[in-house]
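Dear colleague,

Please find below the structure that I am handing over to you. My notes on what was found in it follow directly after.

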Amino acid sequence: MSFGGVKHSFILAIPPVWKYLCKMLTLQTWIVQALFVFLTTESIGGLLDPCGYINPESPVVQLGSNFTAVCVLKEKCMDYFHVNANYIFWKTNHVTVPKEQYTVINRTASSVTFTNISLLNIQLTCNIRTFGQIDQNVYGIRIISGLPPEKPKNLNCIVNEGKKMMCQWAPGRETYLETNFTLKSEWATEKFDDCEAKRDTPTSCTVDYSPVYFVNIEVWVEAENALGKVTSDHINFDPIDKVKPNPPHNLSVSNSEELSSILKLTWIDSSIKTFIRLKYNIQYRTKDASTWSQIPPEDTASTRSSFTVQDLKPFTEYVFRIRCMKADGKGFWSDWSEEASGITYEDRPSKAPSFWYKIEPSHTHGHRSVRLIWKTLPPFQANGNILDYEVTLTRWKSRLQNYSVNDTELTVNLTNDRYIATLTARNLVGKSDASVLTIPACDFQATHPVKDLKAFPKDNVLWVEWTAPNESVNKYVLEWCVLSDKLPCNPDWQQEDGTVHRTYLRAPSKGPTVRTKKVGKNEAVLEWDQLPVDVQNGFIRNYTIFYRTIIGNETAVNVDSSHTEYTLSSLTSDTLYMVRMAAYTDEGGKYGPEFTFTTPKFAQGEIEAIVVPVCLAFLLTTLLGVLFCFNKRDLIKKHIWPNVPDPSKSHIAQWSPHTPPRHNFNPKDQMYSDGNFTDVSVVEIEANDRKPFTEDLKSLELFKKEKISTEGHSSGIGGSSCMSSSRPSISSSDENESAQNTSSTVQYSTVVHSGYRHQVPSVQVFSRSESTQPLLDSEERPEDLQLVDNVEGSDGILPRQQYFKQNCSQHETSPVISHFERSKQGSSVNEEDFVRLKQQQISDHISQSNGSGQMKMFQEVPTANVFGLGTEGQVERFETVGMEAALDEGMPKSYLPQTVRQGGYMPQ
Amino acid sequence: MKVLAAGVVPLLLVLHWKHGAGSPLPITPDNATCATRHPCHSNLMDQIRNQLVQLNSSANALFILYYTAQGEPFPSNLDKLCRPDVTDFPPFHANGKEKARLVELYRIIAYLGASLGNITRDQKVLNPNALSLHSKLNATSDTMRGLLSNVLCHLCSKYHVANVDVAYGPDTSNKDVFQKKKLGCQLLGKYKQVIAVVAQAFQTGDLEAYSDPRS
């Protein structure tokens, strides 16, 4: 394999002009590789020559049976490992088989026997223990378990007309093995190709050849797996007896003008009818019905292409379908044909319309206005489209008056005489029987009126009962109207036979089924279908919608009968509502089924309307926050992670000798506004007691002498901590000795500035800390300050001065710091060093003040000014703040790190 | 030899091609007894009659489909080009005994089956897009194959006739295109004519067969 790597790097290295050569080389290299692999494989094959083998090699065992395997060791191996068959042990699925199941056959062979195999897949390995402790695998086999196939049952075939024969069967129990099912078929004189069942459909197979009718074919199924082969029973049949014809097509329905009760069906049979006889099933139903009626099968038991269905209702739409099969009943029914529909022809109306009248008040003397009213016939009585109604009026001994009316009422002016009115409904075919009505004369008085008329509700209907007069009655007419404050009395009537004396006002027999068309957060659109005329039992006057929540009261809404939808408003969101509807005729009402719906929690788009602005606001806030943080990052940094000075980088010499005495000229600068002091950058010395500058010079000299010893005591700590300084240098009011003693015991001294966060301290405080850790800004405690105040208060000198100005954050990278860093290089400061350091500081400051006006440190510590190198502006600023340091008097070429106050450290 | 190689070999191939031609000969040798893969069914005569009806019902449509597919001049010159003048066509005697009619039927169907095989082969080359014709030819061949099986079974089981000498029509493989079409058309015309006679003969000859099955 190393050839590959060599070759690859070689190709990468060569120039393009050698590509062809490279290809050749590559080819050769691959050939060499192939040879190498081949030879390696051969040699490994030799090396992997097993130490023995197991017989049988690939056993397939019947579940529940016994199984014995023999492991035979090779002589060569036995000699090499010094083992024999006694050293053999067996494992199944990595678990050692108990030795009781072993049998040592001879020196080289050992067998293992398993009884009642129950696992489907067993890994069996033969192993030897060599050298008494090393288990070595000799050989392994996999025992597959399963069951032999059961005899396939229920073999049956179907020949879909125009397609090939398909046979199916029940395969029997699960075998857990790969079992092949083969459908075999033959004529008496020849055999057909086998049909192999597909893996995914092992219980059926479709043969390759086209079926040949009228020749018996013998078919059977063979099921075979590793444990055996079994054959189903043979079935012998004529494929024509297994045929499923194509359904009749082009079914059409036509009516007859002569007979309104028949429809004629015609269809086209499948082509198979040319050589077999067919029988049919014909089913029909009215258009609105859901169940089918069937023509008696005996009427359709022979081949035909048409059929006339009788005894149908006039002017009714019927739907038909048809299927066929072999007439002798052998084979299968075809699928149902496409449905076809037809309408029977019209017949004359089978019943006279219900007829009544109302006499309306008339101001004309001697005449009266009579409104003749009648009801439309339901479809099953109209038997067609009603074209018009014919009304005739006959006055006593007078001639006939004819009216043709399309509406269901007619108002006529009649005299006060008695009239006979007749009404017939007319359709395309003819007229209905006549309804006859007598309009009595104006002065007619009924001699035997109906008595004891009473109405009472019972069984959800309104019953009306009366006492019949003694005389015979042709028929009764009940007339009523709904009492309503809102609606006028709209009279309705109902005719009853003369023999009855009790009836009920026929309300709808069925209520409307309401459903929701659209449900919103606070509203729902309900819709319903008009009640079929058959169940209306009168004129629907109005609908009432009742709706309620689970716990709420029911609310009723009246809806005009012309509507089929209504919008419920002011609903509560996310609430389950139950709604039902009643249809009212003048006789009464009937509830429909209850329907429930739930209003959604949010209106459509409401969630988006909430989420989007919130997201936008959040994004905006985040953006503003980020921008704010970005702008104020320095401020935030000061608050969150103030710079902690590294004590290892501090040096006592850095703060004292390099900074010239300065007056704090800016009130703001007097305050440690941020309290973030890290590096000592400024030593401001204000001679509050206005010591002569000469004393300062003296002090400088003394300081130079003193410094060596002072630094020796506070080396490495003085300038590192915020508000810290070398205690010995300033805090003691005693003599140098005292200071030295103190410095020898106090490792850290802290100069606590009295100002904090813009609060001007009352006193200059020097605090002594016993801590050995650098004091942080946050470690300042008022009590400490107070304590120091008290201690130093005895000195009577409370100059409000800033002696040390430490800047911790904004000017970390200022040249001064680097300058301090550089100055720190000398751990022991001698005078020479000090002077050199000072010079460097000056030069640094020059460059910094020219290049960086924003360096606050330098504005506050104009070291250059001390040496007359400052700008004019800077000088002016000093003056404005009333600095009284000896600038005007001429500054010395060095400065004094000293406090000039009474009781303070004063270099002598 | 060339003719033999060009004609006989394809013919043999066609004859042994299950979906392309009928079986030409009873397999049993002269002196062999009838042997079938499984016992023949009892209603073979009904099936034979139905098969003849089936063939007869489709013969005319096949003929029309054929000459229509060949294009002119065939549709307009049926009398000349498709006249059923087929030499050596096996005879049929409608008034014969059932056994004799069955033997003659066997010869006719064997002849027709082989000829249909040739026609099918030729048409797939000459009219490769006439799928409806190909389908109809195949269906007719299949039916004839079934009919041969039934007739053989019946002759064998009822009359113990194991061998029937058959003759085949002329091989068309070495003919030109027009001759192939013309011979096919003549054959199908003859087939239409003969099958009607045979079907009719077997419809009316049942009584005799049932009255004297061993005649």
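A disulfide connects A:C157 with A:C167, with the two sulfur atoms 1.9 Å apart. Please bear in mind throughout that this is a predicted model. The torsion about the S-S bond of A:C157 and A:C167 is 105°, and the link is right-handed. A:C157 belongs to strand β10 (residues 153-160) of chain A and A:C167 to strand β11 (residues 165-170) of chain A, with their positions 10 residues apart in the sequence. Are these two cysteines buried or exposed? A:C157 has a relative accessible area of 2% and is therefore buried, given that buried means under 20%. A:C167 is likewise buried, at 0% relative accessibility.

This bridge is one of 6 disulfides found over all chains when the whole structure is searched. I describe two others below.

The first of these is also in chain A, where A:C71 is joined to A:C126 at an S to S distance of 1.9 Å. Which hand does this disulfide have? The torsion about the S-S bond of A:C71 and A:C126 is about -80°, so the disulfide is left-handed. Distant parts of the chain are linked by the pair: A:C71 sits in strand β3 (residues 67-73) of chain A, while A:C126 sits in strand β8 (residues 121-130) of chain A, 55 residues apart. A:C71 is buried, with a relative accessible area of 0%. A:C126 also counts as buried, at 0% relative accessibility.

The second is in chain B, between B:C40 and B:C153, with an S to S distance of 1.6 Å. The link of B:C40 and B:C153 is left-handed, with -85° about the S-S bond. What does this pair tie together? B:C40 is placed in the loop between α1 (2-15) and α2 (44-70) of chain B, and B:C153 in helix α5 (residues 131-159) of chain B, so the disulfide ties together parts that are 113 residues apart in sequence. B:C153 counts as buried, at 2% relative accessibility.

Some remarks on chain B as a whole may be useful here. Chain B has 7 helices and 0 strands. Read from the N terminus, its elements follow the order α-α-α-α-α-α-α. Of the 215 residues in chain B, 50% are buried. Among the contacts in chain B between residues at least 6 apart in sequence, 83% join residues at least 24 apart. The accessible surface of chain B is about 9,900 Å², and 58% of that surface belongs to carbon and sulfur atoms.

I turn finally to a segment of chain A that carries an annotation. An unreviewed UniProt entry assigns the annotation "transmembrane region" to residues 610-630 of chain A. How much of this span is helix, and how much is strand? Residues 610-630 of chain A are 100% helix and 0% strand, and the end C-alpha atoms of the span lie 30 Å apart. Two cysteines of chain A remain to be mentioned. A:C615 counts as partly exposed, at 40% relative accessibility, because that value lies between the 20% under which a residue is buried and the 50% over which a residue is exposed. A:C629 is also partly exposed, at 40% relative accessibility.

With kind regards

Terms used: Residues numbered from 1 in each chain as written. Chains lettered and ligands numbered in written order. Predicted model: local features only at pLDDT ≥ 70, side-chain atom pairs only at ≥ 80, totals over all residues. Heavy atoms only, no water. Helix = DSSP H or I, 4+ residues; strand = E, 2+ residues; numbered from the N terminus. Buried < 20%, exposed > 50% of the residue type's maximum accessible area, 1.4 Å probe, protein only. Contact = heavy atoms within 4.5 Å. Areas by Shrake-Rupley, 256 points an atom, 1.4 Å probe, with all protein chains shown as cover. Disulfide = S-S within 2.5 Å. UniProt positions renumbered as here; feature names shortened; annotations may be inferred.
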